[in-house]
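Take a walk through this protein with the structure open beside the text. The tour begins at a single side chain and works outward from there.

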Amino acid sequence: MFQSDKPDSKMSSILGPELEINGDVKVAGSLLIYGKVYGSIESNGTVRTAKGSVVKGDIKAKDVAVGGQVEGDLIVNSKVTLGDTSLLKGNLNAAILTIEEGAKFEGVCNMHTGKSKPEAKSE
């Protein structure tokens, strides 16, 4: 799911498996996570979490592909993919949702048309 024949020319950052970030992450391009992030993530591109990765915080991005563990809400303009090794504990808001066999999801899903950007709900 995370390796393809055609490289993502807009992949701007990779967080390796040895890396642990305690704080929010904001990236202009796309982000590939192998390590641990304890904070929210905001990206104008795609956020991908690999098998074994951990994110404890909200993710706001154009697209999200989850392969690891995410504890937080996903606010996505376009597509969310929950891979076969993923665990999502949180709500998601997206235009398109793909859930592979074996994925685990605990939360509420809200779908939008993709024409308007999703808004985070305040409580």
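Begin with His 112, whose side chain comes within 3.4 Å of the backbone nitrogen of Ala 95. The side chain of His 112 also reaches the backbone oxygen of Val 76, at 3.0 Å. The model shown here is a predicted one. His 112 belongs to the segment after S18. Is His 112 buried or exposed? The relative accessible area of His 112 is 16%. The cut-off for buried is under 20%, so His 112 counts as buried.

Now step back to the strands. The protein has 18 strands and zero helices. Strands of a sheet pair through backbone hydrogen bonds, either parallel or antiparallel.

Start with the sheet that holds S18. Six strands form this open sheet, in the order S3-S6-S9-S12-S15-S18. The pairing is parallel. Which strands stand at the edges? They are strand S3, residues 25-27, and strand S18, residues 109-111. Each has a single partner strand, so one side of each is left without a neighbour in the sheet. On average, neighbouring strands of this sheet are turned by 5° against each other, direction ignored.

Look at the S18 edge in detail. S15 and S18 run parallel and pair over three bridges. One residue pair can be picked out: Ala 94 has Met 111 in S18 as its bridge partner.

A second open sheet also has six strands, in the order S2-S5-S8-S11-S14-S17. Here too the pairing is parallel. Its edges are strand S2, residues 20-22, and strand S17, residues 104-106. Both have a single partner strand, so one side of each lacks a neighbour in the sheet. Neighbouring strands in this sheet are turned by 5° on average, again with direction ignored.

Inside that sheet, find strand S11, residues 69-71, and strand S14, residues 87-89. The two run parallel and are joined by three bridges. Glu 71 has its bridge partner in S14, and that partner is Lys 89.

Follow the chain on from S14. Asn 91 sits in the loop between S14 and strand S15, residues 92-94. How does this loop residue stand toward the surface, and what is its relative accessible area? Asn 91 is partly exposed, at 32%. Leaving aside residues up to four places away in sequence, Asn 91 touches Gly 72, Asp 73, Leu 74, Gly 107 and Val 108. Glu 106 lies 15 residues from Asn 91 in sequence, and their C-alpha atoms are 7.7 Å apart.

Leu 74 leads on to the nonpolar core. The largest such core has 21 residues. Those that touch the most other members are Leu 31, Ile 33, Ile 41, Val 47, Ile 59, Val 64 and Leu 74. Which elements give two or more residues to this core? They are S3, strand S4 (30-33), strand S9 (59-61), strand S10 (63-66), strand S12 (74-76), strand S13 (79-82) and S15.

Zoom in on Ile 59. Not counting residues up to four places away in sequence, Ile 59 touches Ile 41, Val 47, Val 64, Val 70, Asp 73, Leu 74 and Ile 75.

Finish with the whole protein. Of its 123 residues, 38% are buried. The exposed area is about 7200 Å². Carbon and sulfur atoms supply 46% of that area. Among contacts with a separation of 6 or more, 10% join residues 24 or more positions apart.

Key:
Residues are numbered from 1 along each chain as its sequence is written. This is a predicted model: local features need pLDDT of at least 70, side-chain atom pairs count only at pLDDT 80 or more; totals for chains, interfaces and linings use all residues. Side-chain values use heavy atoms; hydrogens and water are left out. Two strands pair if DSSP finds at least two bridges between them. Helices (H or I, at least four residues) and strands (E, at least two) are DSSP runs, numbered from the N terminus. Axes are lines fitted to C-alpha atoms, for helices over the stretch in contact, and angles run from 0 to 180 degrees between N-to-C directions. Buried means under 20% relative accessible area, exposed over 50%, partly exposed in between (1.4 Å probe, protein chains only). Contact means heavy atoms within 4.5 Å. Accessible areas come from the Shrake-Rupley method with a 1.4 Å probe; for residues, only the protein chains shown count as cover. A nonpolar core is a set of buried Ala, Val, Leu, Ile, Met, Phe, Trp, Tyr and Cys residues joined through side-chain atoms within 4.5 Å. A polar contact is a pair of N or O atoms within 3.5 Å; within protein, one must be able to donate a hydrogen and the other to accept it, and residues adjacent in sequence count only if both atoms are side-chain atoms.
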